[in-house]
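The following exercises are meant to be worked through slowly, with the sequence and the three-dimensional picture side by side. Please try each task before reading its solution.

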Amino acid sequence: MSPQDSETHVNVVAWLHIILSVLGLLVTALVFLVFVGIGLLLAASDETAAMGIFAVIATIIGGFLFLVSVPGLIGGIGLLQRQNWARILVLILSVLQLFNVPFGTAVGVYSLWTLTRDETQALFGETKGWSE
(Lines give C-alpha, C1' and ligand atoms only; values in the text may rest on other atoms or scores of the structure.)
Protein backbone atom coordinates (compact mmCIF):
# COMPACT_ATOMS: atom_id res chain seq x y z
CA MET A 1 0.00 0.00 0.00
CA SER A 2 1.42 3.39 -0.96
CA PRO A 3 1.67 6.30 1.49
CA GLN A 4 -1.08 8.10 -0.44
CA ASP A 5 -3.36 5.06 -0.06
CA SER A 6 -2.59 5.00 3.66
CA GLU A 7 -3.59 8.64 3.97
CA THR A 8 -6.84 7.94 2.16
CA HIS A 9 -7.64 5.00 4.42
CA VAL A 10 -6.85 7.01 7.56
CA ASN A 11 -9.13 9.81 6.34
CA VAL A 12 -11.93 7.31 5.70
CA VAL A 13 -11.47 5.80 9.18
CA ALA A 14 -11.50 9.27 10.73
CA TRP A 15 -14.70 10.28 8.96
CA LEU A 16 -16.39 6.98 9.78
CA HIS A 17 -15.69 7.54 13.48
CA ILE A 18 -16.81 11.16 13.28
CA ILE A 19 -20.05 10.25 11.49
CA LEU A 20 -20.86 7.37 13.86
CA SER A 21 -20.15 9.60 16.85
CA VAL A 22 -22.36 12.41 15.54
CA LEU A 23 -25.14 9.88 14.92
CA GLY A 24 -24.62 8.61 18.47
CA LEU A 25 -24.95 12.15 19.80
CA LEU A 26 -28.15 12.66 17.79
CA VAL A 27 -29.57 9.43 19.22
CA THR A 28 -28.52 10.65 22.68
CA ALA A 29 -30.47 13.87 22.22
CA LEU A 30 -33.50 12.00 20.85
CA VAL A 31 -33.55 9.48 23.73
CA PHE A 32 -33.16 12.27 26.27
CA LEU A 33 -35.97 14.31 24.72
CA VAL A 34 -38.31 11.32 24.48
CA PHE A 35 -37.85 10.31 28.11
CA VAL A 36 -38.08 13.88 29.40
CA GLY A 37 -41.16 14.41 27.20
CA ILE A 38 -42.83 11.32 28.63
CA GLY A 39 -41.96 12.56 32.11
CA LEU A 40 -43.50 15.96 31.38
CA LEU A 41 -46.67 14.34 30.05
CA LEU A 42 -46.92 12.29 33.22
CA ALA A 43 -46.30 15.40 35.32
CA ALA A 44 -49.25 17.07 33.61
CA SER A 45 -51.44 14.23 34.89
CA ASP A 46 -50.16 14.61 38.47
CA GLU A 47 -47.75 11.66 38.29
CA THR A 48 -44.78 13.57 39.74
CA ALA A 49 -43.00 10.42 40.94
CA ALA A 50 -43.10 8.98 37.42
CA MET A 51 -41.74 12.24 36.06
CA GLY A 52 -38.75 11.97 38.38
CA ILE A 53 -38.14 8.37 37.39
CA PHE A 54 -38.22 9.23 33.68
CA ALA A 55 -35.86 12.17 34.28
CA VAL A 56 -33.38 9.84 36.01
CA ILE A 57 -33.68 7.26 33.21
CA ALA A 58 -33.16 9.99 30.59
CA THR A 59 -30.08 11.23 32.39
CA ILE A 60 -28.54 7.78 32.80
CA ILE A 61 -29.18 6.59 29.24
CA GLY A 62 -28.36 9.96 27.70
CA GLY A 63 -25.20 10.29 29.77
CA PHE A 64 -24.03 6.81 28.82
CA LEU A 65 -24.64 7.37 25.11
CA PHE A 66 -22.90 10.75 25.32
CA LEU A 67 -19.84 9.24 27.03
CA VAL A 68 -19.67 6.49 24.39
CA SER A 69 -19.95 8.90 21.45
CA VAL A 70 -17.59 11.72 22.41
CA PRO A 71 -14.31 9.72 22.33
CA GLY A 72 -14.99 8.62 18.74
CA LEU A 73 -15.59 12.22 17.70
CA ILE A 74 -12.40 13.39 19.40
CA GLY A 75 -10.42 10.46 17.98
CA GLY A 76 -11.72 11.05 14.45
CA ILE A 77 -10.77 14.72 14.54
CA GLY A 78 -7.36 13.80 15.95
CA LEU A 79 -6.82 11.28 13.13
CA LEU A 80 -7.51 13.98 10.55
CA GLN A 81 -4.76 16.02 12.23
CA ARG A 82 -2.44 12.94 12.27
CA GLN A 83 -2.12 12.88 16.05
CA ASN A 84 -0.61 9.61 17.33
CA TRP A 85 -2.72 9.70 20.52
CA ALA A 86 -5.81 9.70 18.29
CA ARG A 87 -4.56 6.61 16.45
CA ILE A 88 -4.20 4.81 19.77
CA LEU A 89 -7.61 6.03 20.98
CA VAL A 90 -9.32 4.90 17.77
CA LEU A 91 -7.56 1.52 17.97
CA ILE A 92 -9.03 1.02 21.45
CA LEU A 93 -12.47 2.20 20.32
CA SER A 94 -12.26 -0.10 17.28
CA VAL A 95 -11.75 -3.14 19.47
CA LEU A 96 -14.82 -2.15 21.48
CA GLN A 97 -16.81 -1.56 18.29
CA LEU A 98 -16.26 -5.15 17.19
CA PHE A 99 -19.16 -6.09 19.50
CA ASN A 100 -21.51 -3.54 17.87
CA VAL A 101 -22.91 -5.78 15.12
CA PRO A 102 -23.15 -5.16 12.15
CA PHE A 103 -21.92 -1.61 11.43
CA GLY A 104 -19.61 -1.26 14.40
CA THR A 105 -18.00 -4.60 13.57
CA ALA A 106 -17.31 -3.51 9.99
CA VAL A 107 -15.93 -0.13 11.08
CA GLY A 108 -13.88 -1.78 13.83
CA VAL A 109 -12.29 -4.34 11.51
CA TYR A 110 -11.55 -1.72 8.84
CA SER A 111 -10.10 0.67 11.44
CA LEU A 112 -7.90 -2.02 12.97
CA TRP A 113 -6.68 -3.09 9.53
CA THR A 114 -5.89 0.49 8.54
CA LEU A 115 -4.32 1.77 11.75
CA THR A 116 -2.04 -1.22 12.44
CA ARG A 117 -0.31 -1.23 9.06
CA ASP A 118 3.35 -0.17 8.99
CA GLU A 119 2.64 2.41 6.27
CA THR A 120 -0.03 4.02 8.42
CA GLN A 121 2.19 4.11 11.48
CA ALA A 122 4.78 5.99 9.42
CA LEU A 123 2.16 8.72 8.80
CA PHE A 124 1.97 9.25 12.54
CA GLY A 125 5.73 9.43 13.01
CA GLU A 126 6.26 5.91 14.31
CA THR A 127 9.22 4.06 12.83
CA LYS A 128 8.72 0.59 14.30
CA GLY A 129 5.95 -1.63 13.06
CA TRP A 130 3.85 -4.15 14.95
CA SER A 131 5.91 -7.01 13.61
CA GLU A 132 9.22 -5.81 15.05
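**Exercise 1. Two helices that cross**

In this predicted model, the axes of helix H2 (residues 48-80) and helix H3 (residues 84-97) come within 8 Å, and they cross at roughly 140°. Decide which word describes how H2 and H3 lie to each other, and find the handedness of the crossing of H2 and H3.

*Solution.* Begin with the general idea that two packed helices are described by the angle between their axes and the distance between the axes. Next, take the angle of roughly 140° between H2 and H3 and set it against the cut-offs: an angle over 145 degrees would count as roughly antiparallel, and 65 to 115 degrees as roughly perpendicular, while under 35 degrees would be roughly parallel. The angle falls in none of these ranges, and H2 and H3 are therefore oblique to each other. Finally, the crossing of H2 and H3 is left-handed.

**Exercise 2. Unusual backbone geometry in two loops**

Locate Arg82 and Pro102 among the helices, and state what is special about the backbone at each place, using phi for Arg82 and omega for the bond that joins Val101 and Pro102.

*Solution.* Start from the general expectation that most residues other than glycine have a negative phi, and that most peptide bonds are trans. Arg82 sits in the loop between H2 and H3, and its phi is near 60°, which is a positive value in a residue other than glycine. For its accessibility, the relative value of 22% lies between the cut-offs of 20% and 50%, so Arg82 counts as partly exposed. Pro102 belongs to the loop between H3 and helix H4 (103-115), where the peptide bond from Val101 to Pro102 is cis, with an omega of about -5°.

**Exercise 3. A nonpolar patch and a salt bridge**

Which residues make the nonpolar surface patch of about 610 Å², and which helix gives the largest share of the patch? Then find which side chains meet in a salt bridge.

*Solution.* The patch is made by Trp15, Ile19, Leu20, Val22, Leu23, Leu26 and Leu80. Helix H1 (residues 3-44) contributes the largest share, six residues. One residue of the patch, Trp15, is found in helix H1, and with a relative accessible area of 47% Trp15 is partly exposed. Turning to charged side chains, the count comes to one salt bridge, in which Glu119 and Arg117 meet at 3.6 Å, taken from N to O. Both partners can then be classified in turn: Glu119 is partly exposed at 28% relative accessibility, and Arg117 is also partly exposed, at 25%.

**Exercise 4. Distance in sequence and distance in space**

How many residues apart in sequence, and how far apart in space, are Gly52 and Gly39, Phe64 and Thr28, Val95 and Val109, and Phe35 and Val95?

*Solution.* Take the pairs one after another, going from C-alpha to C-alpha each time.

- Gly52, which is found in helix H2, is 13 residues from Gly39 in sequence and 7.1 Å from it in space; with a relative accessible area of 29%, Gly52 is partly exposed.
- Phe64 also lies in helix H2, and it is 36 residues from Thr28 along the sequence but 8.5 Å away in space; its relative accessible area of 55% is over the 50% cut-off, so Phe64 is exposed.
- Val95, a residue of helix H3, is 14 residues from Val109 in sequence and 8.1 Å from it in space, and its relative accessible area of 41% makes Val95 partly exposed.
- Phe35, located in helix H1, is separated from Val95 by 60 residues along the chain and by 31 Å between C-alpha atoms; Phe35 is partly exposed, with a relative accessible area of 22%.

Terms used: Residues numbered from 1 in each chain as written. Predicted model: local features only at pLDDT ≥ 70, side-chain atom pairs only at ≥ 80, totals over all residues. Heavy atoms only, no water. Patch = residues over 30% accessible without salt bridge, like charges linked within 9 Å, V, L, I, M, F, W, Y side chains within 5 Å. Areas by Shrake-Rupley, 256 points an atom, 1.4 Å probe, with all protein chains shown as cover. Salt bridge = Lys/Arg side-chain N within 4 Å of Asp/Glu carboxyl O. Helix = DSSP H or I, 4+ residues; strand = E, 2+ residues; numbered from the N terminus. Buried < 20%, exposed > 50% of the residue type's maximum accessible area, 1.4 Å probe, protein only. Axes fitted to C-alpha atoms, helices over the stretch in contact; angles between N-to-C directions. Left-handed = near helix turned anticlockwise from the far one by under 90°.
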